[in-house]
Amino acid sequence: MATGTLAVTATDLWAARMQMSLSLGWHIVIACFGAAMPAIMLIAEWRGHRTGDVAYRLLARRWGRAMGVLFAVGAVSGTILSFEMGLLWPGMMGTYGQVIGLPFAMEGVAFFIEAIFLGVYLYAWDRMPPVPHMLAGIPIVLSGVISAFFVVTANGWMQQPVGFTQEGGRVTQVSPLRAMFNPAVPTLTIHMILAAFMVAGFAMASVYAVAMLRGRRDRYHKVGFLLPFTVAALVTPVQIGVGDWAAHAVASNQPVKLAAMEGVYRTDRGVPLHLGGLYIDDEMRYALNLPYGLSLLAHWDPNAEIVGLDSVPPGDRPPVNVVHWAFQIMVAIGFALLALAAWTAVTWRRRRDLPGTRWYLRAAAVAGPAAALAVEAGWIVTEVGRQPWIVYRVLRVRDAVNPAPGLVWGFVLVALVYLVLTVGTVYVMRRLSRDVPVPIAPQEADVSGYKVI
Amino acid sequence: MSLTLADVLMAVLWIGLTAYVLLGGADFGGGVWDLLAGGAARGRRQRALVEHSIGPVWETNHVWLILVIVLMWTGIPPVFAAVTSTLYIPLTLAALGIIARGAGFAFRKASTEVWRQRLFGATFAFSSLVTPFFLGTAAGGIASGRVPPGLARGDLVASWLNPTSVVTGLLAVATAAYLAAVYLTRDAERAGDQDLAGLFRHRALLAGLVTGALAVAGLLVLRADSPGLFRELTSGWALPFVVLSAVAGVASLVLLWRRSYLAVRVTAALAVAGLLWGWGAGQYPMLLPGLPLRTAAATDAVLAATLAALALGALLLAPSLWWLYTTFQRPHPPPEKRPEH
Ligand code: HDD
Ligand code: HEM
Ligand code: HEM
């Protein structure tokens, strides 16, 4: 606002950013399950229905029960996000809220569909015949995936703001569809949706990998491992390809972000790829350099020019080490998960069985948390790499934040609530699997006797 | 005066708000009755009824709030920015209350041991009480003109801690409890539990009287605290709505007394909706002091695209919502008729 005279303290600005990243970083893990778990569960229910297999049918019910809890937590953690868009960033929303409004309105419709069909799907499980019941699950799958798409288009606009004109700080013309389908959308949305399937799939498989490590190697646990693991493993190579595509998009649309991801100070040709290392005093130190690597990867040409951080004034550069390391971690996890998927595939072709060593199960047990870590890292690349802009090259974070004093107390309170929420969620999810143990050889009565709600 | 796209958007926003108050509000009210249901053994049947009634629908009812928030920043962005920045404190508390409530409810359902059910249940019930209160104080701050346009230009505390806000907050809690009792009476009757229906009938009568008294007291407070709003409510377009609300409120008490549990659902909803639309009509077209709808509204391209998206969405939503509510308002099939898998 032109008359805005309240000055924001550095602490409050810091607190607002931390509060936003905490709530987003929390929500995204649950949202991955919201987007991908319904599909995996429906596959299990469908196979159970086709084959009458008790293991699949029991899995579907138990997953349904867990999903009920995760959805509730996802809904409330998403709600606080929509509050925070205004509580923390009124300077952005008051001006540009209308530009990103359309995808959010569509997302609202998708949320309705999701909640309605989830209510019917979970609560009417035993009141509906199997086929209509599974059909009621399909809108949940579609609306979960499409709501991830919608919200990421809004984030894409913050990376590539297009589709509006403004005069003197006031938006005068908007083309909502152009703003929504901005240049960042194809890579961001596809990469995110695939990531959701990796997180949900590997994490669900992790649960059964842990059980197998504890000696439960019966058919139920094997099936419970294999189904979600296969989904996630099939997605992994595609995800790496899309990640490469995303890096190309960043190289041409947000060159300063790419420079931060790789710690490149000087604009140059034939730039090497840095592995590891620390960025100190405008220089990348202790890194392993692969000559010409970055030029080659970013533009398919060993002599291509890479724009460095020196192309913008110091105040416009994102914090390099955070972005660089987040990127390295994401890529490393991506390749590690690819290796795990390949190991499984090779053994399966040879022996129609999982690798026998406990190391395999240990690796599979950490695959779920690792995928979630990759998502967090990826979002840090995207969001911290955009700094100091909240809307890239249009509005600075500092000018968007709520000027009210005392934001830091809000952050403290929110952090405490999230701590309790995390403990509660983990505890309840663990109890869900323990309170009603799975028998070694499940029978029909174990399936119909397991209450979904 | 011709209807503009901005008017249509405001009407849709107000419909969303009404739906949230009538449906989501009743879910909060269910939590209030859960809180007042007494010890674990005595309150078990009441709690089971509350849980059974709101379980399948609360997430859907909750989405109305999201829709209202999103329509605010899309349709009237400066209002959204002014409201959220000045009313930062009550809105943060309400948001945290929403988290505690949803998580508590879901966690309790997934728990088997009594101490866990108690802990999560208490979280759910307590936050059902405080959340509508804070949302109500925020509404009172806006209605009494204490939120000026601009970022955090209003008083961060007095904007929501003032006579009008406190009365509105209490009214929000009472309304929620009243609606819930009215709906639960019929739910208990349908489940064949006449005892419980009688219990909630008593509560609905009591809550109805309290709500009505609060509404009257509220008008008196308004006259002293925000004469502008009082004048708007008691004249012009707002008056018919306020009268409707009063008449429907009295009719609800009569219907409850005569045990017309289905009809009272309609009149109770009208009584509450009348107040909301009275407020809206009274304030129109001023959204915040010195900020009329015309100036606050988004560009026509945005309004048209959003309304079109919502219209298309409504085609999908209307039958789905109908299906949801009728599925769970029908009695369960008797156990022997249940499909085997
Ligand atoms: C399972 C998760 C996962 C895995 C294995 C990968 N990513 Fe990723 N990445 C994400 C999950 C993710 C993410 C969290 O979902 C992000 C954040 C925003 C987005 O859309 O995706 C992301 C963002 C993101 C960005 C930033 C996009 C932007 O700012 O516009 C780049 C350049 C890459 N990724 C590249 C890669 C590469 C080259 C990978 C190769 C191994 C890779 N990602 C694996
Ligand atoms: C859910 C996955 C996401 C994660 C984990 C995430 C992460 C983050 C992080 C770490 C920050 C702080 C950056 C900093 O201050 O250095 C941030 C800021 C922000 N993000 Fe995201 N983000 C996500 C998605 C989104 C989406 C979908 C939107 C909007 C549609 C969004 C909007 C914002 C806003 C408004 C800020 C504050 C301004 C800023 O600090 O740049 N984020 N996010
Ligand atoms: C990349 C980031 C995000 C993704 C992929 C995502 C995806 C999802 C999904 C799939 C759900 C429904 C599933 C569930 O409840 O578990 C959900 C819930 C929700 N999300 Fe997010 N979200 C993201 C970020 C955001 C942001 C930035 C906001 C708000 C500004 C937001 C607001 C919400 C809300 C309000 C809900 C609850 C809807 C309901 O009541 O059913 N989300 N999100």
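**Figure 1. Helices α1(A) and α5(A) of the predicted model run roughly antiparallel to each other.** The axes of α1(A) (residues 10–51) and α5(A) (residues 130–159) come within 8 Å and cross at roughly 160 degrees, and because angles over 145 degrees count as roughly antiparallel, under 35 as roughly parallel, 65 to 115 as roughly perpendicular and the rest as oblique, the pair falls in the antiparallel class. Axes here are lines fitted to C-alpha atoms, for helices over the stretch in contact, with angles running from 0 to 180 degrees between N-to-C directions; helices (H or I, at least four residues) and strands (E, at least two) are DSSP runs numbered from the N terminus. The crossing of α1(A) past α5(A) is left-handed, a term used if the near helix is turned anticlockwise from the far one by less than a right angle, whereas right-handed means clockwise. Among the residues that make the contact (heavy atoms within 4.5 Å) are Gly34(A), Leu42(A) and Trp46(A) of α1(A) and Met134(A), Gly137(A) and Val141(A) of α5(A). By class, this contact has 12 nonpolar, 5 polar and 1 charged residues, where Ala, Val, Leu, Ile, Met, Phe, Trp, Tyr, Cys and Pro count as nonpolar, Asp, Glu, Lys and Arg as charged, and the others, Gly among them, as polar.

This is a predicted model, in which local features need pLDDT of at least 70 and side-chain atom pairs count only at pLDDT 80 or more, while totals for chains, interfaces and linings use all residues. Residues are numbered from 1 along each chain as its sequence is written, chains are lettered from A and ligands numbered from 1 in the order in which they are written, and side-chain values use heavy atoms, with hydrogens and water left out.

**Figure 2. Helix α5(A) also packs against α7(A), and the two are oblique to each other.** The axes of α5(A) and α7(A) (residues 185–213) are 9 Å apart, with an angle of about 140 degrees between them, and their crossing is right-handed. The contact includes Val145(A), Phe149(A) and Gln159(A) from α5(A), together with Leu188(A), Met192(A) and Phe197(A) from α7(A). Its residues divide into 9 nonpolar, 5 polar and no charged.

**Figure 3. Trp379(A) is placed in helix α12 of chain A.** Leaving aside residues up to four places away in sequence, Trp379(A) touches Ile28(A), Val152(A), Asn155(A), Met192(A) and Val384(A). Trp379(A) and Val412(A), 33 residues apart in sequence, are 23 Å apart in space, C-alpha to C-alpha.

**Figure 4. The iron atoms of ligand 2 and ligand 3 are shown with their protein donors.** For the iron atom of ligand 2, the only protein donor is Glu383(A) (OE), at 1.9 Å, and Glu383(A) lies in helix α12 (residues 358–384) of chain A. For the iron atom of ligand 3, the only protein donor is His27(A) (NE2), at 2.1 Å, and His27(A) is found in helix α1 of chain A. Donors are N, O and S atoms within 2.8 Å of the metal (3.2 Å for Na, K and Ca), and water is not among the atoms, so sites may look incomplete.

**Figure 5. Helices α1(B) and α3(B) are roughly antiparallel to each other.** The axes of α1(B) (residues 5–35) and α3(B) (residues 58–75) come within 8 Å and cross at roughly 150 degrees, in a left-handed crossing. Residues of α1(B) including Leu13(B), Gly16(B) and Tyr20(B) meet residues of α3(B) including His62(B), Leu65(B) and Met72(B). By class, the contact of α1(B) with α3(B) has 13 nonpolar, 5 polar and 1 charged residues.

**Figure 6. Chain B and chain A bury about 6,400 Å² between them.** Buried area is the accessible area (1.4 Å probe) that two parts lose on being put together, summed over both; here 76% of it is on carbon and sulfur atoms. The contact takes 69 residues from chain B and 77 residues from chain A. Trp73(B), Tyr88(B) and Ile99(B) supply 11% of the area that chain B buries against chain A, more than any other three residues.

**Figure 7. Backbone details include cis peptide bonds from Gln387(A) to Pro388(A) and from Tyr284(B) to Pro285(B).** Pro388(A) lies in the loop between α12 and β9 (389–391) of chain A, and Pro285(B) in the loop between α11 (261–283) and β1 (286–288) of chain B.
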